[in-house]
Amino acid sequence: MERTFSIIKPDAVARNLQGEIMAMIQSAGLRIKGMKMIQLTKAQAEGFYAVHSARPFFGSLVEYMCSGPCVVMCLEGDNAVQKYRDLMGATNKDNAAEGTIRKKYALDIEKNSCHGSDGQDTAAVEIAYFFNALELVG
């Protein structure tokens with residue numbers, strides 16, 4: 001079993017898409033092991049996205065991620081990282097495959113409805129950023 005991290009971003013929460021996205025996640029064979037709705041502070045968003053701090057989109061990304069509530073989840077399943085990345089689709093909705101979360105729900109390249117870890121090491125760091133051991137079931 002492998003774990004990965006997911007964020008249902010503010011644009012999707014504002015449109016009340018959490019249930020539909022979670023249904024897609026569960027239909028793909030991933031189990032939700034921890035979940036909560038949060039409102040990121042600027043400091044939390046900057047810390048989480050620190051890897052992108054030198055990129056031109058960093059300020060806009062931080063502002064967007066603080067713009068409303070989001071849902072963070074720890075997901076588990078066989079090959080969870082890749083399975084969730086495949087389910088999310090390409091970052092740019094125009095390049096995303098049919099049936100993916102981003103193709104179906106993204107508004108643009110930034111407001112693309114979801115985030116997922118890009119590897120097992122990243123997943124471990126991202127899960128620990130938002131969850132303590134007592135908040136993860138199983």
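In this predicted model, E46 is partly exposed at a relative accessibility of 32%, and its side chain meets that of K42 in a salt bridge, with 3.9 Å from N to O. That pair is one of six salt bridges in the structure, and a search of the whole structure also finds six aromatic pairs. According to an unreviewed UniProt entry, residues 1-138 carry the feature "domain: Nucleoside diphosphate kinase-like", and the same record resource annotates a set of residues as "binding site", again in an unreviewed entry. The points below take up the charged pairs, the aromatic rings and the annotated residues in turn.

**The annotated domain**

- The span that UniProt gives for the domain, residues 1-138, comes from an unreviewed entry; in the model this span is 40% helix and 19% strand, and its end C-alpha atoms lie 11 Å apart.

**A salt bridge within helix 3**

- E46 and K42 both belong to helix 3, which runs over residues 42-48, and they stand four residues apart, or about one turn of the helix.
- The two partners fall into separate accessibility classes, since K42 is exposed with a relative accessible area of 56%, whereas E46, at 32%, counts as partly exposed.

**Salt bridges around E76**

- Salt bridges with shared partners join R3, R31, K33 and E76 into one network.
- Within the network, the side chains of R3 and E76 meet in a salt bridge of 3.0 Å, taken from N to O; because R3 lies in strand 1 (residues 2-8) and E76 in strand 3 (residues 70-77), this pair ties together parts of the chain that are 73 residues apart in sequence.
- R3 is partly exposed, with a relative accessible area of 26%, while its partner E76 is buried at 12%.
- K33 also forms a salt bridge with E76, and here the closest N and O atoms are 3.8 Å apart; the pair links distant parts of the chain, with K33 in strand 2 (residues 31-38), E76 in strand 3, and their positions 43 residues apart.
- K33 is buried as well, its relative accessible area being 15%, which falls under the 20% cut-off for that class.

**Aromatic pairs and a charge over a ring**

- Ring pairs link F5, F48, Y49, Y129 and F130 into a cluster.
- A pair of aromatic rings is described by the distance of the centres and the angle of the planes.
- F5 and F130 form a stacked pair, with 5.2 Å from centre to centre and 5° between the planes; since F5 lies in strand 1 and F130 in helix 7 (residues 120-130), the pair ties together parts that are 125 residues apart in sequence.
- Both partners of this stacked pair are buried, F5 at 0% relative accessibility and F130 at 9%.
- F130 also pairs with Y129, in this case edge-to-face, with the centres 5.0 Å apart and an angle of 70° between the planes; Y129 counts as partly exposed, at 37% relative accessibility.
- A charge is found over another ring, as the charged end of K36 sits over the ring of F131 at 5.0 Å from its centre.

**Residues annotated as a binding site**

- The UniProt annotation "binding site", taken from an unreviewed entry, covers K9, F57, R85, T91, R102 and N112; in the model, the lining of the largest pocket includes K9, F57, R85, T91, R102 and N112.
- F57 is found in the loop between helix 3 and helix 4, the latter spanning 58-65, and it is partly exposed with a relative accessible area of 35%.
- When neighbours within four places in sequence are left aside, F57 is in contact with H52 and E110.
- T91 is found in the loop between helix 5 (80-88) and helix 6 (101-105), and at 42% relative accessibility it counts as partly exposed.
- With neighbours within four places in sequence again left aside, T91 is in contact with R102, I109 and N112; R102 and N112 are themselves among the residues that the UniProt annotation covers, and the lining of the largest pocket includes them too.

Conventions. Residues numbered from 1 in each chain as written. Predicted model: local features only at pLDDT ≥ 70, side-chain atom pairs only at ≥ 80, totals over all residues. Heavy atoms only, no water. Salt bridge = Lys/Arg side-chain N within 4 Å of Asp/Glu carboxyl O. Helix = DSSP H or I, 4+ residues; strand = E, 2+ residues; numbered from the N terminus. Buried < 20%, exposed > 50% of the residue type's maximum accessible area, 1.4 Å probe, protein only. UniProt positions renumbered as here; feature names shortened; annotations may be inferred. Phe/Tyr/Trp six-rings, centres within 6.5 Å; stacked < 30°, edge-to-face > 60°. Lys NZ or Arg CZ within 6 Å of the ring centre and 35° of its normal. 1 Å grid on protein atoms, 1.4 Å probe; cavity = no way out; pocket = protein on both sides within 12 Å on 5 of 7 lines; lining within 4 Å. Contact = heavy atoms within 4.5 Å.
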